[in-house]
Every structure is written in structure tokens, then in C-alpha cells.
Amino acid sequence: MREDLLHYIWKNGKIPFANLYTSRQKTLQIISLGIHNHDAGPDFFHAKLEIDGQLWVGNVEIHVKSSDWYSHQHNMDTNYDNVILHVVWEEDTVVYRKNKEEIPALELINFIPGYILANYYKIFKSSKDNFINCEREIYSIDKFKFSAWLERLYFERLEEKSNEINRLLIEAKNDWEKVLFILLLKNFGLKLNSEAFLSLGRALEFGIVRKLSQNVFQLESVLFGLAGLLDNESSKDKVLRQMKREYFYLRDKFKIKESSVQSPSFFRLRPANFPTIRLSQLANLYATSPQLFGNIMAIKEVHQVYEIFSISTSKYWQKHYVFGKISPKRENKLTKSFINLLLINTILPMIFCYSKWQGIDVSSRIIMIINKLKSEDNKIIRKFNNLGVNCGNAMYSQAILQLYNTYCTENRCLECVVGDSLLKGK
């Protein structure tokens, strides 16, 4: 038996409200189940019960065994002094308040409907080799209900991404443009260089970016220099030497600190994703869009994003991937798939968070935009597709990732629409 099932049963009233009695055979009438508490303290606040004809208003605590009360040291915690009912699967000991009064107990083993237990064990009896607990049944869930659940999961994912934005906002002293710059840098670094580019964004004052945005060479020099990409002492490349001189001048002028910046990696990257290419593209983005933050916050259609991010590298990087080595000429523009990643991981979370900060609901606008993006393609999404779950666009693929990482892998099945439906036998 798991405690989450007992929480589910109490919260959803899955016990017969008539003919209830405590472990001491006192009549029990439930008037109000109370409010589920997800933080520290008793599990349900403000319950209203009638025990043996006497009305009680207070809190409810839930455990598998009543002795868990002492294992969790609730007897030493004043937050539990107002518990009026101890809901347990099995009472293996009598529990007392600090004033020596006995706390009435309800043993759910006597009252839980058999079908709920059978369905519960069916969900969790899955082999450890299974991808998810419900992999044999998930396809059968009502499509409308599941679709609504996925939309909710997508916004839950946006809320989680907002937490990172809010932390960066505190660091940046409420400079939203600085936060956008940091997150763009992080996502331009993709998975391998995300942390290195993030450290670069944090180290560089955004006021410097504003001042240098009209001079791409200067902005590139600062980004490359601060990232440690100008340290090749033996290179005779003219541009490298010019960029290094420019960086040293600007570093001293703006008193730029280098100590906290991680060096990006070239290892196992395709040339198009080399840090040199990505930093040049970012510098050109800010050079061509001096009002980048305002333009992004005003986005209502996907094509507007493609227009803003229709940028390429500086001329030098159209014939080079690294300093001093000529490569076949190419444009090095941002691809549509890369822009889509920026939309999913940076732009839409920023629009969501900034609009929420302003008190504006942009849910429908965000849904309209992300529904026009193709589903992501990765191992998790492919496995859900094989189970009959349609991940037809980016909202669904993002929601599926949230479902898998936050619910499936944590066995939070009873908090999921799928698990709830299976438990009810629907």
C-alpha cells in the first residue's frame, strides 16, 4: 500500500460516506473533506467531521500505518495539534496528541471499494522494464480528456521555465532585455554549450551589448574574447589578431571580468553548431534588431519570428568555421528548425512570463503559435508515438516531455488524468 493512494481516496471521496466508524467504533460523518495541503503540515486543512455526535473542525493527517505518526515525529510538531482525524490503511498503534488526548483513527482497509484496489495494483504491477506504468492502457483514454490534460501540462512546463526566468530576473535586477540575452545565448549553445554560453551571458553587462550592437565586429570581439575563443597565440590569421586587439581595448574600457566564464566546446559538434558560428549569428541578430525585446514580445504569428531571426554570420564566418582555416563558402543562416527550438525554449516562455508579470493573459496566443510548430523528434516522443499517443505538434511534444519527466518517471500516476481514469475504470 502506498500513501498516495490513500490521499487520492480521501481527496476524491472514494469511500462510502454512510455507515462510517472509527477504529474505536464511534460513528463518523464526513461533512467536508478539507483542502489538500501540498506543503509542510497536515495533509488536509479545514475538514469538518461529526464523531460520535460531536462536531469537529480541524485538520486530517494520512498515513499507511498509524505508527508513522511517531516515525515522522508529528508528536513533536505543534503544526499537528489540530488534527481531528488520523486516516490510515491500518491502525497498528494508538496515537495521542501532546496533551495525551487520543486522536480518532479511520482505518480505510475496511472501507475502500475493491475495484479501486484492483485497478491500482494493475497500474503498479507493471514490470520494471516497461517504459511507463500505463503503456498498455494509455491509448484507450478518452481523447478529449487527454488532449485537455496535455494542454494543461504544457502550461505547467511553461511555469517551470518561468522559474528560471524569474531567478535570472533577480540576478539582472529586473532587466528583461538582459534576461532575454542570457536565455538566447544559452539556447544558441544548444545542449553541449548551453552552460558555457549561459555563463557568458551572465558575465557580460547588457549595457555593453546595447552600446556595441551597432558595430558587429566589436560585439563579436567581446563575445569571442570573453568566451576564450581568441587565445590562439600561434595563429597568423589577420581577423583573429584584429579581434583580439579590439577585445583587449573593450575589455579594459568597460572593465569586463573574465573569471566566471566557461570555455565552450567544439567536440562532437557539426560545424554549423560551432560556438564561433553561433556567437557570430547572435551578434548579427542584435545588430539587425536593436529593439529585439519589444519585437519579440509583440509576436503573434510564427512568420514574424522567422523574419526577426532571418540572420546569418558575418562575412568572415561564411568562409570559416574556425580562425585561420578556409572552408567552402556558405551563408550560415539560422535554420527554421533551430528557430523553432528558440521559439519553444526561449521566446514563448519569455512572452508567457513577461505577460504574466504585466497581468495579461496570453494563453490563447501562445497556443496558437506553438500549435503551428512541428512536434519535436526524440527518443521519448517516439516511444509515446509507438504507444498510440499522437504528438502532432510542438505543444503536444512539450506536454509529453512534461508528463514523462514529472509524472511517469516519478510514479505520480494518481495525479495524472490517465492514472485517474484507469483507477476509476473509465
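**Entry 1: Glu 301 and Lys 372**

I began with the side chains of Glu 301 and Lys 372, which in this predicted model meet in a salt bridge with an N to O distance of 2.9 Å. Looking up where each partner sits, I found Glu 301 in the loop between helix H11 (292–297) and helix H12 (302–308), and Lys 372 in the loop between helix H14 (363–370) and helix H15 (379–386), so the pair ties together parts that are 71 residues apart in sequence. I then checked accessibility: Glu 301 is partly exposed at 28% relative accessible area, and Lys 372 also counts as partly exposed, at 48%.

**Entry 2: Lys 356 and Glu 159**

Next I looked at Lys 356, which forms a salt bridge with Glu 159, and the closest N and O atoms of this pair are 2.9 Å apart. This bridge links distant parts of the chain, since Lys 356 belongs to helix H13 and Glu 159 to helix H4 (residues 143–171), with their positions 197 residues apart. I noted a relative accessible area of 49% for Lys 356, which is partly exposed, and one of 32% for Glu 159, which is partly exposed as well.

**Entry 3: Lys 424 and Asp 420**

I turned to a pair within one helix: Lys 424 and Asp 420 both lie in helix H17 (residues 417–424), 4 residues apart, or about one turn of the helix. Their side chains meet in a salt bridge at 3.1 Å, N to O. Are the two partners buried or exposed, or something in between? Lys 424 is partly exposed at 27% relative accessibility, whereas Asp 420, at 17%, is buried because its value falls under the 20% limit.

I also wrote down that salt bridges with shared partners join Asp 175, Glu 177 and Arg 210 into one network. A search of the whole structure finds 14 salt bridges. As a reminder to myself, side chains of opposite charge can pair when their charged atoms come close.

**Entry 4: The nonpolar cores**

Which residues have the most contacts inside the largest nonpolar core? I found that they are Trp 10, Phe 309 and Phe 384, in a core of 142 residues. Helix H13 (residues 336–358) gives the most to this core, contributing 12 residues. A second core, separate from that one, has 5 residues, among them Trp 69, Tyr 80, Val 83 and Val 95.

I followed Phe 309 further and, leaving aside residues up to four places away in sequence, I listed its contacts as Leu 184, Leu 285, Ile 296, Leu 334, Ile 339, Leu 342 and Ile 347.

Terms used:
Residues are numbered from 1 along each chain as its sequence is written. This is a predicted model: local features need pLDDT of at least 70, side-chain atom pairs count only at pLDDT 80 or more; totals for chains, interfaces and linings use all residues. Side-chain values use heavy atoms; hydrogens and water are left out. A nonpolar core is a set of buried Ala, Val, Leu, Ile, Met, Phe, Trp, Tyr and Cys residues joined through side-chain atoms within 4.5 Å. Buried means under 20% relative accessible area, exposed over 50%, partly exposed in between (1.4 Å probe, protein chains only). Helices (H or I, at least four residues) and strands (E, at least two) are DSSP runs, numbered from the N terminus. Contact means heavy atoms within 4.5 Å. A salt bridge is a side-chain nitrogen of Lys or Arg within 4 Å of a carboxyl oxygen of Asp or Glu.
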